[in-house]
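Hi there,

Here is the structure I promised to pass on to you. My notes on what turned up in it follow underneath.

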Amino acid sequence: MAAPLSLHHPPPPLPAENPLPMRNCATTTATNNNINTQIQPHPCLLSLEKCTTMSQLKQIHAQMLRTGLFFDPFSASKIVAFCALHDSGSLPYARLVFDQIPNPTTFTCNSIIRGFTNNNLPRQAILFYQLMMLQGLDPDRFTFPSLLKSCGALREGKQLHCHSTKLGFAPDAYVQNTLMTMYSNCGCLVSARKVFDKMTNRSVVSWATIIGAYGQWDQPHEAIKLFRKMEMASVKPNEITLVNVLTACAKSRNLETAEQVHKYIDETGMGFHTVLTAALMDVYCKCGCYPLARDLFDEMPEKNLFCWNIMINGHVEDSDYEEALSLFNEMQLIGVKGDKVTMASLLIACTHLGALELGKWLHLYIEKEKIEVDVALGTALVDMYAKCGSIGSAMRVFQDMPEKDVMTWTALIVGLAMCGQGGKALELFDEMQMSGVKPDAITFVGVLAACSHAGMVDEGIGYFNSMPNGYGIQPSIEHYGCMVDMLGRAGRIAEAEDLVHNMPMAPDYFVLGGLLSACRIHGNLDAAERAARQLLELDPSNGGTYVLLSNIYSSMKNWEAAKKMRELMVERSIKKPPGCSAIEVGGVVHEFVKGDVSHPQSSEIYEILDDMICRLKLAGYVPDISEVLMFDIDEDEKENELSLHSEKLAIAFGLLSTAPGTPIRVVKNLRVCSDCHSAMKFISKVYDREITLRDRNRFHHFKEGSCSCRDFW
């Protein structure tokens, strides 16, 4: 608890009973002029002005003691000011000197208070102020700003506010501005606003302070309203004001105001300094205007690490992961070292690309550069390893973390669920609760997905029902989607349909798509058509629905209905999103699309591909031509179409570029088709390779001819 402040302020001295007689003004003036022309600074004071070290200061101090100059309060205050405020000074020495001064001035006290504040010693600053008051020394308007900056507790701040008011300094603009800052830092925005509203003369600093306070406490809309009032009051903003406004714009995604600020900077010729440019870049990135942010970034003559981090993270948010990694390469070339913020953004890029080797390299970089692995960075590492299929590494990072939050636990639970290790995911969920970490809504998405992939339907239903009463979490549409997927996987299509019908919210594409996929696996055409109708009502232009329903018709030999669905796609100019598969070899990510011939090694890739298909057929592989969209070509052409799928090209490149027995990892942006899934199982057996394929829904770990998904995905 903060020590209470005591106000011991002596009354002002009474007028002297026998004032000195008035002297002749002309004589006095002449005498003063003669004295002024003769006064020269003492050599010690001149030396003090040139002093740069404590060793020099101590020599000057000794000389001043010998000559008696030290006992002049003004001269002594110079010694204290150097010790308290100079970069090479010494606060303990300043206190010793202060105790030797017979009549210290307020300036001397202010120097020590400022020294404590500047050196992040707030407790000592407050205690020294108490000593100052006990000794009857009068504070002035410069005393309180430093003290208010040292306040970490609201109670202390209010006491100092009372002192400043009693002593008559409350109306001072400098004091009022620091009062607003103090109240804001202590979380009392209401009091900060009261101080602002009572000000009679609001400077640009006052406006900047209150705008920054509202932005700091997540009230960006009010901050922007205040900026509008500032404009109406004809107060011209300075750079700090504009940075605070842009920070509020970033939090509220207010692109219009940010563009007005940008225009104001251009028109006034204020110039784009580093901090101001960085704030503007941040707004553009938060509002999705990444090209505008990149233009500002490229035009900057000097860039600090904060600017690099904003732009790298902007590219990650824009899903331009390769460009984010490219920027990091540029950083390294010019000698700028990344920090934990840089690493977290880059690890997210690796996670989306499935670039495990690059993620491992970043992990080594973190260790080599001794970058602090806080909870956020540790969670990013766990998430990267888990979503790149390296669960063992994810577990090791997780276990090495001294502190874990709910996001850390959730990242590993979701990763285990995606990799088909539902049992381990549920064990981790129990361990999480025993450690005292309360699960959130995202944790339950992972738990329900784990139950779904592990076929633990009854357990999943139990977890779902426990959410509202046991954890105070109302199931969202994501949780209902997991339940539909779980019931559908188990073949309980009717129950899944009932759940969709009784949901408290309208089903989305994820929910209905899960139901449609379950109908495909279990051959339930009636339920599939009902789900497809709802999906087409929800999004008539989504090609995935047409394709999936067409495949269901084809699997049931209903060729006419399948053909009709394909014709409907052509009639409505609907195209299936292009599939894209990525494979990382030697730290470089190679991407392929269907029938891709853009790769420099295309000829060798297609040779490997032809040989691979032949060897698979000898092992018993039969292409599933029902997956082919075209009906006007023969079976050989359909088989050729299947062989050109992006994941097969990626696997062929992996076989070409890696040593025998090396695991192959592929990431695909869409759900893997049944033919490619079948082919992967044969490849893992024929070539004796472990293959990890991450599609839009989950991981598939192929080994010795089988898949971890148990042919349900």
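Is the crossing of H4 and H5 left-handed or right-handed? Please keep in mind that this is a predicted model. The crossing of these two helices is left-handed.

To fill in that picture, helix H4 covers residues 73-85 and helix H5 covers residues 91-100. Their axes come within 7 Å and cross at roughly 160 degrees. Angles over 145 degrees count as roughly antiparallel, so H4 is roughly antiparallel to H5. On the H4 side, the residues that meet H5 are Ile79, Val80, Cys83 and Ala84. Their counterparts in H5 are Leu91, Tyr93, Ala94, Val97 and Phe98. By class, this contact has nine nonpolar residues, with no polar and no charged ones.

Further along the chain there is a sheet to look at. Six strands form an open sheet with mixed pairing, in the order S2-S1-S3-S4-S5-S6. Strand S2 (588-593) and strand S6 (706-707) are at the edges; each has a single partner strand, so one side of each is left without a neighbour in the sheet.

Within the sheet, strand S1 (residues 580-585) pairs with strand S3 (residues 664-668) in the antiparallel sense, over three bridges. If you want a spot to zoom in on, Ala582 has Val667 in S3 as its bridge partner.

Finally, have a look at helix H36, residues 646-657, which lies across S1, S2, S3 and strand S4 (691-694). Helix H36 runs at about 15 degrees to S1.

Happy browsing, and best wishes!

Methods
Residues are numbered from 1 along each chain as its sequence is written. This is a predicted model: local features need pLDDT of at least 70, side-chain atom pairs count only at pLDDT 80 or more; totals for chains, interfaces and linings use all residues. Side-chain values use heavy atoms; hydrogens and water are left out. Two strands pair if DSSP finds at least two bridges between them. Helices (H or I, at least four residues) and strands (E, at least two) are DSSP runs, numbered from the N terminus. Contact means heavy atoms within 4.5 Å. Axes are lines fitted to C-alpha atoms, for helices over the stretch in contact, and angles run from 0 to 180 degrees between N-to-C directions. Angles under 35 degrees count as roughly parallel, over 145 as roughly antiparallel, 65 to 115 as roughly perpendicular and the rest as oblique. A crossing is left-handed if the near helix is turned anticlockwise from the far one by less than a right angle, and right-handed if clockwise. Ala, Val, Leu, Ile, Met, Phe, Trp, Tyr, Cys and Pro count as nonpolar, Asp, Glu, Lys and Arg as charged, and the others, Gly among them, as polar.
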